[in-house]
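Welcome! Please take a moment to look over the sequence and the 3D view before reading on.

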Amino acid sequence: MAVTNLNLLAKKGFIWSAIERFGVQFFQISINIILARLLTPTDFGIVGMLGIFISLSQSFAQSGMAYGLIQKKNRNEIDYSTVFVFNLVVSICLYGILFLCAPWVAAFYEREELTFLTRVLAIVIVISSAGLVQNVIMRINIDFKKIAKINIISVLVSGIISVSLAYAGIGLWAIIIQILLNSFITVILSWFYSSWRPLPIFSMQSFRELFGFGYKLLLSSILATTMDNIYKIFIGKLFAPAQLGYYTQAKQYSDSSSGTLTSIVQSVSFPLLAKLQNDPATFLTVFRRILFYSSLLIFPVMSLLAISAEPLFRVILTEKWLPAVPFFQILCFARIMYPLSALNMNSLIALGRSDLFLRLDLMKFVVAIVFLLIALNFELYWIVFSSVISSSLFFIIDCFYTKQLTGYGLFKQIRDIYKIFLSCIIMMIVLLSAEFFFNFGEYILFFNFIIGPAVFILASYLMRLNLFQELKLALKK
């Protein structure tokens, strides 16, 4: 495929993936803000206790075979139908396991109501599996326009219904109903926008081929999901539900920024880099461009959000959520490297090395557990702060095999983005100094969000980052 066509495809994919991710996050955050005002931290904490069980089950149900479909060159109808049948059967089995184990979940957290909540919320596992293949086909075709329509409509409709129910006074059930409705509407629209329909076929040959590639990614997904949710287990077990509610909200808002870009990077970079697996020079060129533009967006955004956390929470969520501010600030810095780590990991599976992907996730899992266990000896803030140390080490670990396969390792990547990082440091110093010497009062947010980006752009110019030239070049391509 010509480089020009790939650049056009990449640009189009990024634009629609960005529209989809930012659109979904905008509506989801807006809905979550309303729910946070209507509900209590305890409500969010109780639902948060179930996060790891649902997330792990969904990882099992997807089995990593979606990546196998994207990576495989000569995929066919038998492959698609085999994945559909397998995922649906596995999701039903997993729901049955969670249904039976629900009383044990309730006993672990010592909250009896979790038995019924688990059995209801776990239905999302079966629902979501029914639209997986349609979604994969759209991603293979880099058709993020349809994905944007599907996900934005789903979150908007489910959110409106959820907020209405919260106003009616049904409490935490408003959150659960939103999760279920969002998944259900997504599946319905995926079938509507996709012409593909499953055949009553299950091929063992196809399964062995796809699962042979995907099972390593399944194990990696389980490890990643565990790392992402393990803090909820310990906080939910050792502290009051309200504390977990504060952490859950802080995590959701920090993930809304970093997670959105990570999702864009993963969605577009994997199918795009997979097309370039036999063209090392172009592969590396595209990789470096994605790394640069990801850093250019995520570094200043997360830094600015961390600096502005207290007035943001006060204005948007009201004072009852102010205890979540320190958690949010810590998590902003913990999440700042996630998109870059995701890009390095995606380069491995794009090159067909799911074995290295799994090996890296095993290493990172050990690192995360070690720092978490050490932090458990201290107060809650240090438990959350351990994620900052872990995420920094994750990026270093992720770069190791990237260097082996592409020659583009840690120091070369840092060389490409360090000026962006320094510009963010300067921006934060200026904003903190201005806040210390001057009392902006209720205008602090206005000051931060106007002056902050201006300082970042000026600092970038002084360090000859050529920010506008880079953006102009990207738009031309």
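Here is a short tour of this structure, grouped by topic.

Keep in mind that this is a predicted model. Its largest nonpolar core has 100 residues, and a nonpolar patch on the surface has about 800 Å² of accessible area. The salt bridges come to 8, while a search of the whole structure finds 0 disulfides.

**The nonpolar cores**

- Within the largest core, the residues with the most contacts are Leu35, Leu114, Ile176, Tyr247, Phe299, Phe313 and Phe328.
- Helix H13, spanning residues 280–307, gives the largest share of this core, with 14 residues.
- A second, separate core has 18 residues, among them Leu69, Tyr80, Val90 and Trp196.
- To see the packing around one core residue, look at Phe328: beyond its neighbours within four places in sequence, Phe328 is in contact with Ala250, Tyr253, Ser254, Leu305, Ala309 and Phe313.

**The nonpolar patch on the surface**

- The patch is formed by Val366, Val370, Ile374, Phe378, Trp382, Phe385, Ile389, Leu393 and Ile396.
- Two elements each give two or more residues to the patch: helix H17 (354–375) and helix H18 (380–406).
- The largest share, 5 residues, comes from H18.
- Ile396 has its place in helix H18 and is partly exposed, with a relative accessible area of 43%.

**Salt bridges**

- In general, side chains of opposite charge can pair when their charged atoms come close.
- Glu113 and Arg111 meet through their side chains in a salt bridge, at 3.0 Å from N to O. Glu113 is partly exposed at 35% relative accessibility, and Arg111 is partly exposed at 24%.
- Asp255 pairs with Lys251, their closest N and O atoms being 2.8 Å apart. Both lie in helix H12 (residues 241–275), 4 residues apart, or about one turn of the helix. Lys251 is buried, with a relative accessible area of 5%.
- Arg314 forms a salt bridge with Glu310, with the closest N and O atoms 2.2 Å apart. These two are about one helical turn from each other because they sit 4 residues apart in helix H14 (residues 309–316). Arg314 is partly exposed at 36%, and Glu310 is partly exposed at 31%.
- Salt bridges that share partners also join Lys251, Asp255 and Arg335 into one network.

**Two positively charged residues to visit**

- Arg119 lies in helix H6 (residues 114–121) and counts as partly exposed at 24% relative accessibility. Leaving out residues up to four places away in sequence, Arg119 touches Tyr95, Phe99, Ala102 and Pro103. The C-alpha atoms of Arg119 and Gly96 are 9.0 Å apart, with their positions 23 residues apart along the chain.
- Lys232 lies in helix H11 (residues 204–238) and is buried, with a relative accessible area of 13%. Not counting residues up to four places away in sequence, Lys232 touches Gly48, Tyr109, Leu244, Tyr247 and Lys251.

**Cysteines**

- Why does Cys101 form no bond with the closest cysteine sulfur? That sulfur, in Cys93, is 13 Å from the sulfur of Cys101, which is too far for a bond. Cys101 is partly exposed, with a relative accessible area of 24%.
- The sulfur of Cys332 is also too far for a bond, because the closest cysteine sulfur, in Cys424, is 12 Å away. Cys332 counts as buried, at 0% relative accessibility.

Note on methods:
Residues are numbered from 1 along each chain as its sequence is written. This is a predicted model: local features need pLDDT of at least 70, side-chain atom pairs count only at pLDDT 80 or more; totals for chains, interfaces and linings use all residues. Side-chain values use heavy atoms; hydrogens and water are left out. A disulfide is a pair of cysteine sulfur atoms within 2.5 Å. Buried means under 20% relative accessible area, exposed over 50%, partly exposed in between (1.4 Å probe, protein chains only). A nonpolar core is a set of buried Ala, Val, Leu, Ile, Met, Phe, Trp, Tyr and Cys residues joined through side-chain atoms within 4.5 Å. Contact means heavy atoms within 4.5 Å. Patches are made of residues with over 30% relative accessible area and no salt bridge: like charges are joined within 9 Å, nonpolar side chains (Val, Leu, Ile, Met, Phe, Trp, Tyr) within 5 Å. Accessible areas come from the Shrake-Rupley method with a 1.4 Å probe; for residues, only the protein chains shown count as cover. A salt bridge is a side-chain nitrogen of Lys or Arg within 4 Å of a carboxyl oxygen of Asp or Glu.
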